[in-house]
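I opened this entry to record what I looked up, one topic at a time. The notes follow the order in which I checked things.

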Amino acid sequence: MSEQQNEDRKIPASDPVIRLTRYAQVPILLGLSIAMVLFLVTFFVDIYDAIQSFEFLDRKKTILLILNLLDMVFIANLVIMVATNTYNTFRLKALVQGDDYIQQGEKAYRRMKHRIVSTIIIISSIHVLSELLEFSQTTPLQVAALLGFHLVLLATYVVTNVFKSSD
């Protein structure tokens with residue numbers, strides 16, 4: 001009996017195409033890592049510029065700076081989520097084969113979908129708030145379009161995360 005179980009647990013030899021597909025994710029992870037370093041530099045440059053120019057003394061500019069920094073943090077979190085999910089998918093494909101891979105991949109996908117859509121809605125909310133605070137620089141049509149886009153994102157969230165499918 002144990003010999004049969006050992007044979008069932010053996011991982012079949014990976015197809016070269018599948019292996020190449022897995023390793024094609026490595027440059028994506030490297031690119032995302034480089035993007036995070038650039039984003040980190042931009043984050044601190046914005047803080048330095050605000051301190052150097054004394055923008056933080058103006059209440060409205062301080063609020064806009066904080067919103068901009070929050071926006072950067074949420075975008076960085078989004079990049080980290082995608083990079084982490086890509087790495088976990090890479091690792092999962094290496095460790096798990098067959099039906100287990102499909103089941104575990106679906107669970108990870110559902111969790112990641114919820115997180116990504118939620119983060120995008122938060123980022124969109126920050127953008128809408130920033131534009132409303134800088135209303136003198138935008139037209140009413142641009143603000144309406146931004147609000148419409150934000151409502152579409154909210155509807156997407158409701159459809160993809162609130163209403164569960166019958167699966």
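**Accessibility cut-offs.** I fixed the terms before reading any residue. Buried means under 20% relative accessible area, exposed means over 50%, and partly exposed covers what lies in between. The model I am reading is predicted.

**Thr84.** I started in helix α4, residues 59-95, where Thr84 lies. Thr84 has 39% relative accessibility, so I entered it as partly exposed. I then checked its distance to Met112. The two are 28 residues apart in sequence, and their C-alpha atoms are 10.0 Å apart in space.

**Overall build.** I counted 6 helices and 0 strands in the protein chain. Along the sequence the pattern reads α-α-α-α-α-α. The chain has 167 residues, and 20% of them count as buried. I noted an accessible surface of about 12,200 Å². Carbon and sulfur atoms account for 66% of that surface. Next I looked at contacts between residues at least 6 apart in sequence. Of these, 76% join residues at least 24 apart.

**Confidence.** Which helix has the lowest confidence, and which the highest? I found the lowest in helix α1, residues 2-9, with a mean of 46. The highest is in α3, with a mean of 88. Over the protein chain the average pLDDT is 77, and 77% of the residues score at least 70. I marked residues 1-13 separately, as pLDDT stays under 50 there. For that stretch the model has 3 contacts beyond four places in sequence. Where pLDDT is low, the predicted coordinates should not be read in detail. I left that stretch alone after this.

**Helix α3.** I checked the length of α3, residues 25-53, against expectation. Its 29 residues should span 42 Å at 1.5 Å a residue, and the end C-alpha atoms are 42 Å apart, so the two agree. In α3 I listed Gln25, Leu29, Leu32 and Ala50 as buried. Phe54 follows the helix and has a positive phi, near 60°.

**Surface patch.** Phe54 came up again when I looked for patches. With Ile51, Phe56 and Leu57, Phe54 forms a nonpolar patch on the surface. Together the four have about 440 Å² of accessible area. Ile51 is found in helix α3.

**Helix α5, two positions.** Is Ser130 buried or exposed? I placed Ser130 in helix α5, residues 98-133. Its relative accessibility is 14%, under the 20% cut-off, so Ser130 counts as buried. Leaving aside neighbours within four places in sequence, I found Ser130 in contact with Leu64 and Leu67.

I also looked up His114, which is found in helix α5. At 33% relative accessibility, His114 counts as partly exposed, because that value falls between the 20% and 50% cut-offs. Which residues does His114 touch, not counting those up to four places away in sequence? I found Tyr157 and Asn161. I also checked His114 against Thr160. The two are 46 residues apart in sequence and 7.7 Å apart in space, C-alpha to C-alpha.

**Helix α6.** I ended with helix α6, residues 140-162. It has 23 residues and reaches 31 Å from its first C-alpha to its last. That is close to the 33 Å expected at 1.5 Å a residue. In α6 I listed Val143, His150, Leu153 and Asn161 as buried. Asn161 is thus a residue I met twice: buried in α6, and touched by His114.

Technical notes
Residues numbered from 1 in each chain as written. Predicted model: local features only at pLDDT ≥ 70, side-chain atom pairs only at ≥ 80, totals over all residues. Heavy atoms only, no water. Helix = DSSP H or I, 4+ residues; strand = E, 2+ residues; numbered from the N terminus. Expected span 1.5 Å × (residues − 1). Buried < 20%, exposed > 50% of the residue type's maximum accessible area, 1.4 Å probe, protein only. Contact = heavy atoms within 4.5 Å. Areas by Shrake-Rupley, 256 points an atom, 1.4 Å probe, with all protein chains shown as cover. Patch = residues over 30% accessible without salt bridge, like charges linked within 9 Å, V, L, I, M, F, W, Y side chains within 5 Å. Salt bridge = Lys/Arg side-chain N within 4 Å of Asp/Glu carboxyl O. pLDDT = per-residue confidence, 0-100.
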